[in-house]
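I sat down with this chain to look up a handful of things about its charges, its buried positions and its backbone. These are my entries, in the order in which I made them.

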Amino acid sequence: MGRDRQLRAPRRKVPVQGELFDGEVGPGGGGEAGSQSAPCEESRPQSATGQRRALTTDLMEDVCDAINLELALSRVVSNKGAPGVDGMEVTELSDWLSFHRDELRSQLLAGDYRPQPVKGVKIPKPGGGERQLGIPTVTDRLVQQAILQVLTPILDPTFSESSFGFRPGRSAHDALAHARSYVADERYIVVDIDLEKFFDHVNHDVLMNRLGRHVRDKRVLRVIGRFLRAGLMQDGVCVGREEGTPQGGPLSPLLANLLLDDLDKELEKRGHCFCRYADDCNIYVRSQKSGEHVMKSITKFLEKRLRLKVNIEKSAVGPVWERKFLGHRLLSKGGLGIAPKSLKRFKDRVREITRRNRGVSIERMVSELNRFLLGWCAYYRHISGPSILGGLDGWVRRKLRCVKLKQCKRARGIARFLMKQGVSKDRAYCLGGSGKGWWRLSCTPQAHKAMGKDWFELIGLISLAKRYDELKR
């Protein structure tokens, strides 16, 4: 590559509104003391919009910056993930970049980079149905991550304070705290809006129009447009895409927030109290009638302005404690509970780990359970009624008792295990010779004595109730 395309030093941060470029002279500055002459044209500060436009006309140089590419490489590798249509693993990306860095930079700077089709994968959704994922190749993920790192400081500060999904420094717990404050203010009716297959139905023209408001570098816009239109390879057939931005690429969450920022701005203009996490938006009002009016008008706005469809079956207006938000159920006065569907998913996951025909040791099963339970408890650590956790602990222990009893196989093996744990011989053989099912046997006095709380602590099983108390302290 020619010398005119040497690697640039990292560009300076996009200035906040009202801030001047380095070296600019503010009003009344730059002249001699007491000078009455007006500042020259070059010394006049640009408007915030003018500054922003000036900084977004050559973004591709920032994307191709050596430090930016190395940071993108480390993040793609740390995120791991499956290979795309070319079969390249993330472990091979570092060597690939070493040999093709100049070629990649040349294509990006010229605006000629062309992404490969994404690999289509369908996964089951918790509430039923399937979610379409699109897995880009690792090289395309590298480019998307490099673009994301440059666009985030430009776009994120313009987003609403009531938007929380996929944003740096914000989490689901922040969104829940925001929602709780509205409920504590006696806004007990929620307009729960669910967008139908949002990531599959994003209109490319509308999205690129919104992106063009902030980005003036046509090379960046051209490459992002190609990412959006890249074909979807599934079952050996590549299908062109005229809409949607399949989940799986690093850029998709930022682009989704950019499109839905129009919804946020409209809600703010109308003075609504709302909370949005990705495509999950809740608007809090004081009466059922006003909620139904908001639902009707916002549905019309989404379909007409953003060309998005509201899922009528999943969207509703009702009391906050009858709806769920981010797996939680909001209670009166701003408390939090666990949504019934979240409890069902919890039990389904525990059943999957503790399947009695898995053929793994009880110690390994406990190790897998602990990883799941720790993460689950950390997510639900803000609930107001922790007593439910004690019941879940008892249910998990009973599932493990079933596993252990079955692993003993025959009546004699069960009796020997029980006697080893302090159960009398007669009672141990009585249980071992019983014709009852494993679930019923797991609740007998003999099973409880042999596998009590002390025994589970000995094999390392964590307690949700105890972990909750530790997190609270």
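The entries below go from the whole chain to single residues.

**Entry 1: the chain as a whole.** I note at the start that this is a predicted model. I looked up the secondary structure and found 19 helices and ten strands in the protein chain. For burial, I read that 46% of its 473 residues count as buried. The accessible surface of the protein chain is about 24700 Å², and carbon and sulfur atoms account for 49% of that surface. I also looked at how far along the sequence the contacts reach: among those between residues at least 6 apart, 74% join residues at least 24 apart.

**Entry 2: a buried leucine.** I then turned to Leu 392, which I found in helix H13, residues 387–407. Is Leu 392 buried or exposed? Its relative accessibility is 5%, so I put Leu 392 down as buried, the cut-off being under 20%. Which residues does Leu 392 touch once its neighbours within four places in sequence are left aside? I listed Leu 343, Phe 346, Lys 347, Trp 376 and Leu 464 as its contacts. I also checked Leu 392 against Ala 465, which is 73 residues away along the chain, and the two C-alpha atoms are separated by 8.8 Å.

**Entry 3: salt bridges.** How many salt bridges does the count come to? The count is 21, and I followed several of them individually.

I began with Arg 276 and Asp 264, whose side chains meet in a salt bridge with an N to O distance of 2.9 Å. This pair links distant parts of the chain, since Arg 276 belongs to strand S6 (residues 273–277) and Asp 264 to helix H9 (residues 252–269), with their positions twelve residues apart in sequence. I noted that Arg 276 and Asp 264 are both buried.

The next pair was Lys 466 with Glu 457, where the closest N and O atoms of the salt bridge are 2.8 Å apart. Here I found Lys 466 to be partly exposed, because its relative accessible area is 48%. Glu 457 is likewise recorded as partly exposed, on the strength of a relative accessible area of 47%.

I then looked at Glu 470 and Arg 467, whose side chains form a salt bridge at 3.2 Å, N to O. Both residues lie in helix H19 (residues 464–472), and they are three residues apart, about one turn of the helix. Glu 470, with a relative accessibility of 41%, counts as partly exposed, and Arg 467 is partly exposed with a relative accessible area of 29%.

Last under this heading, I recorded a network of salt bridges that links Glu 61, Asp 217 and Arg 219.

**Entry 4: charged patches on the surface.** Which residues form the positive surface patch? I wrote down Lys 314, Lys 324, Lys 341 and Arg 345. Of these I looked further at Lys 314, which lies in the loop between helix H10 (288–305) and strand S8 (316–319). Lys 314 has a relative accessibility of 38% and therefore counts as partly exposed.

I also found a patch of negative charge on the surface, where Asp 86, Glu 89, Glu 92 and Asp 95 gather. I placed Asp 95 in helix H4, residues 93–110. Its relative accessible area is 52%, and because the cut-off for exposed is over 50%, I entered Asp 95 as exposed.

**Entry 5: positive phi outside glycine.** I finished with the backbone and looked up two residues. Ala 278 has a phi near 60 degrees, which is a positive value in a residue other than glycine. I located Ala 278 in the loop between S6 and strand S7 (280–285). With a relative accessibility of 10%, Ala 278 counts as buried.

Leu 326 is not a glycine either, yet I read a positive phi of about 55 degrees for it. Where does Leu 326 lie? I found Leu 326 in the loop between S8 and strand S9 (328–330). Its relative accessible area of 14% is under 20%, so I closed the entry with Leu 326 as buried.

How values were computed: Residues numbered from 1 in each chain as written. Predicted model: local features only at pLDDT ≥ 70, side-chain atom pairs only at ≥ 80, totals over all residues. Heavy atoms only, no water. Patch = residues over 30% accessible without salt bridge, like charges linked within 9 Å, V, L, I, M, F, W, Y side chains within 5 Å. Areas by Shrake-Rupley, 256 points an atom, 1.4 Å probe, with all protein chains shown as cover. Salt bridge = Lys/Arg side-chain N within 4 Å of Asp/Glu carboxyl O. Lys, Arg positive; Asp, Glu negative; His and termini not counted. Charge placed at Lys NZ, Arg CZ, Asp CG, Glu CD. Helix = DSSP H or I, 4+ residues; strand = E, 2+ residues; numbered from the N terminus. Buried < 20%, exposed > 50% of the residue type's maximum accessible area, 1.4 Å probe, protein only. Contact = heavy atoms within 4.5 Å.
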